[in-house]
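User: I'd like to practise reading a structure with you, one feature at a time. Could you take me through it?

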Amino acid sequence: MSANSDPRDASPREMRFATDCIHAGQAPDPSTGAIMTPVYMTSTYVQPSPGVFKDGYDYARSKNPTRTALESNLAALEKGAHGLVFSSGLAAMDCILHQLRAGDHAVLSDDVYGGTFRQIDKVFRHLGIETTRADMTDLEAIEAAFTPRTRLVWLETPSNPMLKVIDIRAVRGIIDRKADSTTPSQGLREPGAGPLGTPLERSILVVDNTFASPALQNPLSLGADVVMHSCTKYIGGHSDLVAGALVTRDDSLAARLRYTQNAVGAVPGAMDCFLMLRSTKTLHVRMQRHCENALEIARWLEGHPAIERVIYPGLESHPRHALAARQMRGPWGEGFGGMISCVVKGGLEPARRLLERVRLFSLAESLGGVESLIEHPAIMTHASLPPQARAALGIADGLVRLSVGIEDVRDLIEDLDAALQPA
Ligand SMILES: *Cc1c(COP(=O)(O)O)cnc(C)c1O
């Protein structure tokens, strides 16, 4: 259960995941007994006396009760102590990158979300943050990417769109071994100047857990310092909002992040927080169905004559299937997520035909909603990567990515089957 000290977090003891989805962080509204957390549409709070606030509620950029309930809920789902919710996943990332100083270095997994790479490469590089990308399925490549100024290791697992599975515990081990060889950061060092007055003294491990969701994987329990989500995806789950989150167990890191969020200002609206609270109540049942449907479709695609290759961590043919089975698991049992990538035989034209012919799958970017989506990484989500970089990652022109929804899987398979018929 979350260690947030908000009085709303009234759950009496450690609960199981499904129960936390529904209850963590939420108690009946103290003023009316309303069972659902109200949407606190307010920008400020009346003070009984100057500088005296109720429960720290002074101004809504700093704190909003609907958001507080959601932050406690997400902290519980990720087995953390502190949750922070942002106006987007990339705003959550920005809050992490603001912990670095000019001259610091970050190691990123090689096929991170395109917007993640863009933020580091096009925004923070100009502020003096250096980056190395590494294939993190290769532990030696991670070690080789380290420098004495490395302060951030950022990875996604499963990754997008190649669904690489990275061993979070092993990466933690490397960071710990490298801890002795770090040199101090330069620049401002003003103890007493607030949480950001001192630089980070060691590398922090951040895991983007968007693809797995907390239903399948809790990176903090595997050694991550911070878990990040684009809540736009499975946590929101209904393709109706954009939001992000960070969860940590580390009190001092949480203080830095909260200070930064308030100073920079990328906070979510109360209505979006309410929608996410409604969404997390069904996260466990949604994820179970996403996983069941995706496994069935992946197996079906693997036997289809128009498909060259299927990439899904739940298939025995996935190179890291054993690791995925160890690292990812739902409260119901095995679960490998709702994302599948596959290569259509014949390259771009047959892939384009599939995307144009589907009726039930919608051709759209994004993922993680209850409805099934299909997209073409080389043209759509990963178009910002240079062609050589795409090729190096294996993003072929025939590669198609499916976000499998929770419709009846027979309808989904019939839709794909019709769209894959020869021209
Ligand atoms: C969508 C996404 C992001 C960015 O999140 P936004 O909410 O769009 O800002 C980051 N990481 C992954 C894995 C994503 O899928």
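User: Let's start with a helix. Which elements do the buried residues of H4 pack against?

Analyst: Keep in mind that this is a predicted model. The buried residues of H4 pack against helix H3 (89–97) and against three strands: E2 (105–109), E3 (130–134) and E4 (150–156).

User: How many residues of helix H4 are buried?

Analyst: Eight of the eleven residues in H4 (residues 114–124) are buried, which makes this helix mostly covered. They are Gly 114, Gly 115, Thr 116, Phe 117, Gln 119, Ile 120, Asp 121 and Phe 124.

User: Now a helix at the other end of the numbering. Which residues of H13 are buried?

Analyst: In H13 (residues 409–419), the buried set is Val 409, Leu 412, Ile 413, Asp 415, Leu 416 and Ala 419. Look down the helix axis and these residues fall within an arc of 160°, so they line one face of H13. Arg 410 and Glu 414 are exposed, on the face turned away from that buried side.

User: What do the buried residues of H13 pack against?

Analyst: Their partners are helix H9 (283–302), helix H11 (348–357) and strand E12 (399–403).

User: How should I think about a nonpolar core, and which residues have the most contacts inside the largest one here?

Analyst: The general idea is that nonpolar side chains tend to be buried together in soluble globular proteins. In this model the largest nonpolar core has 116 residues, and Ile 297, Ile 340 and Leu 402 have the most contacts inside it. Helix H9 gives the most to this core, with eight residues. Domain 1 (7–280) and domain 2 (284–419) both contribute residues, so the core lies between them.

User: Which residues does Ile 297 touch?

Analyst: Leaving out residues up to four places away in sequence, Ile 297 touches Ile 340, Phe 361, Leu 402, Val 404, Val 409, Leu 412, Ile 413 and Leu 416. You'll recognise some of these from H13: Val 409, Leu 412, Ile 413 and Leu 416 are among the buried residues of that helix.

User: H9 keeps turning up. Is Val 285 in that helix buried or partly exposed?

Analyst: Val 285 sits in helix H9, and at 47% relative accessibility this residue counts as partly exposed. If you want a distance to check on screen, the C-alpha atoms of Val 285 and Ala 364 are separated by 24 Å, with the two positions 79 residues apart along the chain.

User: Back to the domains. What area is buried between domain 1 and domain 2?

Analyst: About 3100 Å² is buried between domain 1 and domain 2, with carbon and sulfur atoms giving 62% of that area. On the domain 1 side, Met 162, Leu 216 and Tyr 234 supply 25% of the area buried against domain 2, more than any other three residues. The centres of the two domains, taken over C-alpha atoms, are 27 Å apart. The contact takes 36 residues from domain 1 and 42 from domain 2.

User: How many salt bridges cross that interface?

Analyst: Zero salt bridges are found across the interface of domain 1 and domain 2. The structure as a whole holds 17 salt bridges.

User: What's the idea behind those pairs, and what separates the closest N and O atoms of Asp 225 and Arg 172?

Analyst: Side chains of opposite charge can pair when their charged atoms come close. For Asp 225 and Arg 172, the closest N and O atoms are 3.0 Å apart. Asp 225 lies in the loop between strands E5 (204–208) and E6 (226–230), and Arg 172 in helix H6 (residues 168–178), so the pair ties together parts that are 53 residues apart in sequence. Asp 225 counts as buried at 11% relative accessibility, and Arg 172 counts as buried at 14%.

User: Which residues make up the salt-bridge network with that pair?

Analyst: The network links Arg 172, Asp 176, Arg 202, Asp 225 and Asp 250.

User: Where do Glu 349 and Arg 352 lie?

Analyst: Both are in helix H11, three residues apart, about one turn of the helix. Their closest N and O atoms are 3.5 Å apart in a salt bridge. Glu 349 counts as partly exposed at 47% relative accessibility, and Arg 352 is partly exposed as well, with 33%.

User: And are Glu 375 and Arg 401 buried or exposed?

Analyst: Both Glu 375 and Arg 401 are buried. They form a salt bridge with the closest N and O atoms 3.3 Å apart. Glu 375 lies in strand E11 (residues 373–375) and Arg 401 in strand E12, so this pair ties together parts that are 26 residues apart in sequence.

Terms used:
Residues are numbered from 1 along each chain as its sequence is written. This is a predicted model: local features need pLDDT of at least 70, side-chain atom pairs count only at pLDDT 80 or more; totals for chains, interfaces and linings use all residues. Side-chain values use heavy atoms; hydrogens and water are left out. Buried means under 20% relative accessible area, exposed over 50%, partly exposed in between (1.4 Å probe, protein chains only). Helices (H or I, at least four residues) and strands (E, at least two) are DSSP runs, numbered from the N terminus. The arc is that of the directions from the helix axis to the C-beta atoms. Contact means heavy atoms within 4.5 Å. A nonpolar core is a set of buried Ala, Val, Leu, Ile, Met, Phe, Trp, Tyr and Cys residues joined through side-chain atoms within 4.5 Å. Domain bounds come from an automatic or database domain assignment. Buried area is the accessible area (1.4 Å probe) that two parts lose on being put together, summed over both. A salt bridge is a side-chain nitrogen of Lys or Arg within 4 Å of a carboxyl oxygen of Asp or Glu.
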